[in-house]
Amino acid sequence: MTTNATLAATTTLAEATSEHTDGYHLVVGALALNDIRTIYGVVGIPITDLARIAQASGMRYIGFRHESDAGHAAAAAGFLTRKPGICLTVSAPGFLNGLVALANATTNCFPMVQISGSSERHIVDLKRGDYEELDQLAAAERFAKAAYRVNRVEDIGRGIARAIRTAVSGRPGGVYLDIPAAVLGEVVDAAAGAASLRRVIDPAPRQLPAPEAVDRAIAMLADAQRPLVVFGKGAAYAQADEQIREFIDTTGLPFLPMSMAKGLLPDNHPQSAAAARSLALRRADVVMLVGARLNWLLGHGEPPQFNPETTFIQVDIEPAELDSNQPIAAPLVGDIGSVMGAFVERIEPGRITAPAVWRQELAARSAQNSAKMTQRLDADPHPMQFHGALRAVRDVLRVHPHAYVVNEGANALDIARNVIDMHVPRHRLDSGTWGVMGIGMGYAIAAAVESGSPVVAIEGDSAFGFSGMELETICRYRLPVVVLVLNNGGVYRGDGVNTASADPSPTTLMCRAHHDRLIEAFGGTGYRATTPAELTAALTDALASGRPALVDCVIDPRDGTESGHLTHLNPTGVGHR
Ligand code: ADP
Ligand code: TZD
């Protein structure tokens, strides 16, 4: 069957000359043959022509202002589509700028491929001082799932196929592909070049669990007094939405979504234990992890977050993950779609239920916590605080359930995660496993490019600064992205004082900066909101326009906790409140 991608590949190759092609065209042809439709990057020597040729072939090239942002965009595209996002970087410094995103993607288990041009091998390897000299392959090796180099033009098809399969199969991650400038420029016979390209068949083959492993887990859930299912971003990534819904519906089990699994099942689902999170984790006797690791985000599965008697079931595609923190009593290795499908098939009707006493315990705590939260959200102090601002955002987003939410910061992240309900799978993208700042604009751009849907980026003012220049990219491509800067004038808070000198304190940022004016420089619409009502009006208006916009949300500099919810990780142990 001839697909659009194969057509594009053929056209691209034909364009080189009727008889000859080169490394540039082969890279684009190989990507097109594997249904890659978008490249994110920053151009320069030696990859500028690669971007031009990609555009000429009908592929989209989205040009950024910094490679970290392009890399984060590629990672987000990988998470959203289950196809590796592609990030294109120039040699040495551009490569290194992109490497943060590649490492972050690997940590988050997002598939992406960073393709970087590199300088002359025979000069680099003797350290003779080439233009942008760096042994990039060696540097990338430690920070990626895998790193490869293409040394011959005839290996371009093989290299790209290998990078794609490595990125998406098993536990997804970031792959580095080094292509020296000389290989890109090498001219070869067009027919031989076309014949060297490969289409990867079934890049992430299903991995089925053993039936006895499923039965072991079913027996544990059937005997549990206080069972709990925890969904992580691996479950969202797996696109096994149907199987997961069926499992939760047939068992009636309570569940907790990790932050990027929010919306996999709607946050207002009656079995969601999100509003009783601490109690659910602390009291559960059997916890089933589905695409979620027992890392720091879950207190390593230890007290005080968990009960020391808890037994664990874990569903993961990566066998080495199991037992990494707590002993796993029922390991299930496989892809989440296959594993959850096997559960649904093998559970006899009525075998697994959520005991009524447990359901009531969770419901009572949820009601209590929700009442407290409502009280906080309804308070309307002036100056505006995080909760009031985020209540306004929540209410507007309720009428836009298909909008993507990107979220970073400390308080801006922790509070928004709790306040903003998600109703659709894979619509929330945030700082993730590393708690990294700087993903904001890259993730937002990828979400808009890949989906065409509106995106609302909820940003701490410090967090926004890491990728803020991409406002120009958002405006240049006219993307439907609304950036909300929760501006409390500081890292965490804006009232830091330097008692030692006249310099600003380490946490101080420019008090009362007008971030709204930044986007105006590029033709977008800037708003400034000092009350929840103004924020409601601005966000409503911005979403209705479908145009790039930024709302500077003026927050009380005294609101926010140092390190957000991570006060316990501060070495001094004292967060300022
Ligand atoms: P969270 O931060 O949301 O708790 P993590 O990133 O810690 O989630 O965990 C995601 C887990 O999901 C990883 O251990 C990864 O190996 C696993 N995973 C990713 N994709 C799949 C898949 N298709 N099938 C099974 N497990 C997967
Ligand atoms: N650099 C990187 C790349 N990642 C980080 N996580 C940090 C620095 C440290 N850091 C945090 O962990 S949160 C944060 C930083 C700098 C910013 C918090 O301030 P904010 O958010 O304005 O973004 P709030 O809402 O005011 O807390």
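**Exercise 1. Determine how confident the predictor is in this model, and where its confidence is low.**

Solution. The mean pLDDT (the predictor's confidence in each residue, from 0 to 100) is 95 for the protein, and 95% of its residues reach 70 or more. Next, residues 1-11 stay under 50 in pLDDT, and the model has eleven contacts beyond four places in sequence for them, a contact being heavy atoms within 4.5 Å. Where pLDDT is low, the predicted coordinates should not be read in detail.

As conventions, residues are numbered from 1 along each chain as its sequence is written, while chains are lettered from A and ligands numbered from 1 in the order in which they are written. In this predicted model local features need pLDDT of at least 70 and side-chain atom pairs count only at pLDDT 80 or more, whereas totals for chains, interfaces and linings use all residues, and side-chain values use heavy atoms, with hydrogens and water left out.

**Exercise 2. Describe the surroundings of isoleucine 336.**

Solution. Isoleucine 336 lies in helix α15, residues 336-346, helices being DSSP runs (H or I, at least four residues) numbered from the N terminus. With a relative accessible area of 8%, isoleucine 336 is buried, a term that means under 20% (1.4 Å probe, protein chains only). Leaving aside residues up to four places away in sequence, isoleucine 336 touches several residues, including Gly234, Ala238, Ile244, Val290 and Val315. Finally, 9.7 Å separates its C-alpha atom from that of aspartate 241, which is 95 residues apart from isoleucine 336 along the chain.

Note on methods:
Helix = DSSP H or I, 4+ residues; strand = E, 2+ residues; numbered from the N terminus. Buried < 20%, exposed > 50% of the residue type's maximum accessible area, 1.4 Å probe, protein only.
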